[in-house]
Amino acid sequence: MKVIIDFFSRGTFWDVLGIFFQYAVFLYGTSLLIAYGILAILSLASIRRYMKKNANVDYNIIIESPLAPGISVIAPAFNEGVTIISNVRSLLTFNYPKYEVILINDGSTDDTLEKLVNEFELVQVDFAYREKLLSKPVKRIFKSTNPAYDKLVVIDKVNGKSKADASNAGINVASYDYFLCTDVDCILDKDTLIKLIKPFMDEETSTVREINGDVQIQEDYKRVIATGATLRMVNSCEVDDGLILRVRPPRRILPRFQEMEYIRAFVLGKMGWDRINSVPNVSGGLGMFDKDIAIKAGGYDSLSLAEDMDLITRMGAFMTDNNKKYSVKYVPITLCWTEGPTTLKVFGRQRARWGRGLAQLMSTHRKILFNPRYGRMGLIVFPYHFFYELLAPIIEFLGILFYIYLIITRQINWPYAIILIVFVYTYSVMITTIALLWDQITFKYYKTWGETIGLCLMAFIEPFLYHPLIWFFALKGYFNFIIGKKHVWGNMQRQGFNAPKKRSTVKAG
Amino acid sequence: MWNDLANLLFLAYEQFSLLPLFIEIALVLIFVAVMATLIAYGSILFRRYNSSVYQRRLAHLSPIIEDLITEQVLLNENLGKDIPVEEIEFDQHALSNKAFRKPAVRQIIIDTLIRYRKNFRGEVGELLRKLYIDMNLVEDSFSKLRTFKWETKIKALVELTNMDIPISDSMLLPLTNSQNPSLRAASRNAYIQLSKNEPFKFFDIATEPILPWDQMEMFKIITTTKDITIPNFSRWVSYSNNKSIVSFCLRLIAHYDQRTAIPSVIDLLQTKDHQFRAQAINCLGQLSAEIAEEKLVTIYTSQPLNCQIEILKAIGKISSGKHLEFLKNEFLYSSSFDIQMNAARAIIRHNSQQSRYIITDILENTNEENQTIVKHCQNPLIKYQ
């Protein structure tokens, strides 16, 4: 102790602060890299378990089974007139015996609704709508007179300026116990419902333990409240009529980086969290939820900019507050293909929204952080996201400023500095390459080895090109959050899927 | 030369040991990261190479195996001549192909035979089974069953079940209570398919639950397997301590319309588990158990919401007409939207003169919200709501 006091008492305040900062950053960085290393190991265990468990499963049995639970597919749409018909047709062709597709026309100003009415022979019905979750008013509900489209329900509502608001309206209409939330422009695998419902059915049903004789009953089982799967970029894939014919990594550099990032986040990140039952969120592009718990937790928050993580957080908090065990499951296979932003402007807007959403989420649910009452969520998920997701761009920013200061004042030890930079660089390349290897273990999506290695090589340039962008836009999002700047939903020009270019506008953050 | 190398390494170590600790750690981790990256690249390439070699081998072997099956089984000249399948002999020369001795090739043959057997029944199916036995592939499957790896055991069970090869109870029954859910499910499915006399014997000893997915698989097997002896499932409803077995039996009772089980199901209404009770009520509804209707109405007020909804559905399915007034009151005076919806559906489902009168009355004399609920339930387009 004396040594430390002597050490600190010798230097000026700025010297002491500088040394403290250096050690703190080193410890922070090392712990972050250790965390990634642990996630990599956990994700491999999780993937191997999934693969072994499902190797001999005959998924087709559910297609004919009267015991299959019903699923409501909820897809909000805003000004999707150009592609809406093919998108809905795609949603109507899932391999599943018992489901409905609820399409929410969220106050589109184009011809989305008109096209739907004409194409699917829709008529307005007297629908007993009950608002279990808050949303902007529902104007009309349509059903098809054509039995071929009897699974389709179309809601026409006042624009709520968020996907969350539209999704809540969809949940209010949903008639089944589980609902799948997706974006109408995403391309989903035909077996999505089967693959995502299975984790719900792999858990024991209610095991009830009696306490105090015959009055009080305690549920004693782990209820699966949500499931998710990996997402990938559709940008350079071959698509025909809502079907992916050939998977390819995106050719353009920005979506290509995103593909790599998604694989790392889903296959390595989410699967690692799955192993210790700490999945932090289920992507807004594709997630299946237990409707009962989602409603009891209050549904989507239309004011949240990270509505997907917010919902999972509230569902988890609800379960904990009611002393119920729960889990969120992830499957390592890709079931959803989404179009990634190709321009820096749209990409930046999206990432700034994500950054702002994270800050908003941490602020809204701050009572969970370090709260042992919330178990893993309070002691693992939230601290991880607080330190390694929320604070990372800030610490990185301060670190770079400090580096510049050291360079200017000629205090830098160049050999050591270079060794540390090489350390971080090689480690980040390793983590990304491992994530891509795990992805290969799961399924060989890319036809040629050239495509696979080509994507792997992106890891070498990511720290110089892509990472600074993520970092910058996250800081921009935080700044907007702090100054309370009003969020504006922008338009994203869809590129189309290897088909004649079509123009449509959808919400993008 | 070795001395020079040793000296160099020693010097390097000396230099290394003079560095600060965090730089030493960083250097070690750089080495680890570089090696791990190289190994990962190697693994990716190796896996792709392996996969392409396998595909090529498969492409080469598949026609040979298909030819073998076609010649020996599908085009076997003894088929259709009233010769018992057991007495049909294969061309031993064709079976003794050297390539067929390799384990990987034998696995491909097993997989192909299973695929064929799923498409062929009767004499051809039996002959495929005989080929599996005569090529001693059955021993390959049994050796897999004896391994410690649960996933290999499952593979063996799937193979033996598809080939209809009996497995002794002493080997199979313990697996039906395995702690591993996947192995447990596979062995239970195998037991039902392979045990001709008492396919449900493991119900008596099952201590581990049947998970919902497994129930679905088992349901399919039970309802599609030929010559299976269907017992009266009420015996497990009455005596089993395993709730998932009772729950599954309730579904089977409803499916097989085992009306003799109604008293046992009514007894289940005493259970303290409300989800379980809801399932029993649902079963009574599917059995149209008019005998239980009075009891259901009597217990209605003391039930939680999910059981009340099931009671309303059951009364609708039974449609005796004795409790239409009860349904009407529930519809008019309940504050729960779900109760109103289900009461309205139950009234409409009766489809009698009295029920139609009630519906007309509601449509003419109640508020707009009630009318919308009734119209919603009456609308044939709204199939799922």
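**Sheets, helices and a two-chain contact**

Helix 6 of chain A, residues 163-173, lies across strand 1 (71-77), strand 2 (99-106), strand 4 (138-144), strand 5 (152-157) and strand 6 (178-182) of chain A. The direction of helix 6 of chain A is at about 145° to strand 1 of chain A. This picture, like everything that follows, comes from a predicted model.

The sheet itself deserves a look. In chain A, an open sheet of 10 strands follows the order 3-4-5-2-1-6-13-10-14-7, and its pairing is mixed. Strand 3 (122-124) and strand 7 (187-188) of chain A stand at the edges; each has a single partner strand, so one side of each is left without a neighbour in the sheet. Further inside that order, strand 10 (residues 223-233) and strand 13 (residues 286-290) of chain A pair in the antiparallel sense, over three bridges. One such pairing can be picked out by residue: A226(A) has F289(A), in strand 13 of chain A, as its bridge partner. Helix 10 of chain A (residues 307-321) also packs on the sheet, where it touches strand 10, strand 13 and strand 14 (326-338) of chain A. The direction of helix 10 of chain A makes about 165° with that of strand 10 of chain A.

Stepping back to whole chains, chain A contains 14 helices and 16 strands. Its radius of gyration is 24 Å, close to the 23 Å that the globule rule gives for 509 residues, so chain A is as compact as a globular protein of that length. Taken along the principal axes, the C-alpha atoms of chain A fill a box of roughly 85 × 70 × 50 Å.

Chain B is built from 21 helices and has zero strands. For its 385 residues the globule rule gives 21 Å, but the radius of gyration of chain B is 32 Å, well over that value, so chain B is more spread out than a compact globule. The C-alpha trace of chain B spans about 105 × 85 × 40 Å along its principal axes.

Within chain B, helix 15 (residues 274-286) and helix 17 (residues 305-318) offer an example of helix packing, with axes that come within 8 Å and cross at roughly 5°. Such an angle makes helix 15 of chain B roughly parallel to helix 17 of chain B. Residues making the contact include A278(B), I281(B) and L284(B) of helix 15 of chain B, together with I311(B), A314(B) and I318(B) of helix 17 of chain B. By class, seven residues of this contact between helix 15 and helix 17 of chain B are nonpolar, six are polar and four are charged.

The two chains also meet each other, in a contact that takes 50 residues from chain A and 52 residues from chain B. Several helices of chain B each supply at least two residues to the side that touches chain A, among them helix 7 (150-162), helix 9 (181-194) and helix 19 (337-350). The largest share of that side, 18 residues, comes from helix 2 of chain B. The side of chain B that touches chain A has 28 nonpolar, 12 polar and 12 charged residues.

Helix 2 of chain B (residues 21-74) packs with helix 13 of chain A (residues 414-442) at an angle of about 25°, their axes being 8 Å apart. That angle makes helix 13 of chain A roughly parallel to helix 2 of chain B. Helix 13 of chain A passes helix 2 of chain B in a left-handed crossing. In the contact between these two helices, 22 residues are nonpolar, five are polar and one is charged.

Definitions and conventions. Residues numbered from 1 in each chain as written. Chains lettered and ligands numbered in written order. Predicted model: local features only at pLDDT ≥ 70, side-chain atom pairs only at ≥ 80, totals over all residues. Axes fitted to C-alpha atoms, helices over the stretch in contact; angles between N-to-C directions. Helix = DSSP H or I, 4+ residues; strand = E, 2+ residues; numbered from the N terminus. Parallel < 35°, antiparallel > 145°, perpendicular 65-115°, else oblique. Left-handed = near helix turned anticlockwise from the far one by under 90°. Nonpolar A, V, L, I, M, F, W, Y, C, P; charged D, E, K, R; others polar. Contact = placed C-beta atoms within 7 Å. Pairing = 2+ DSSP bridges. Rg over C-alpha atoms; globule rule 2.2 N^0.38 Å.
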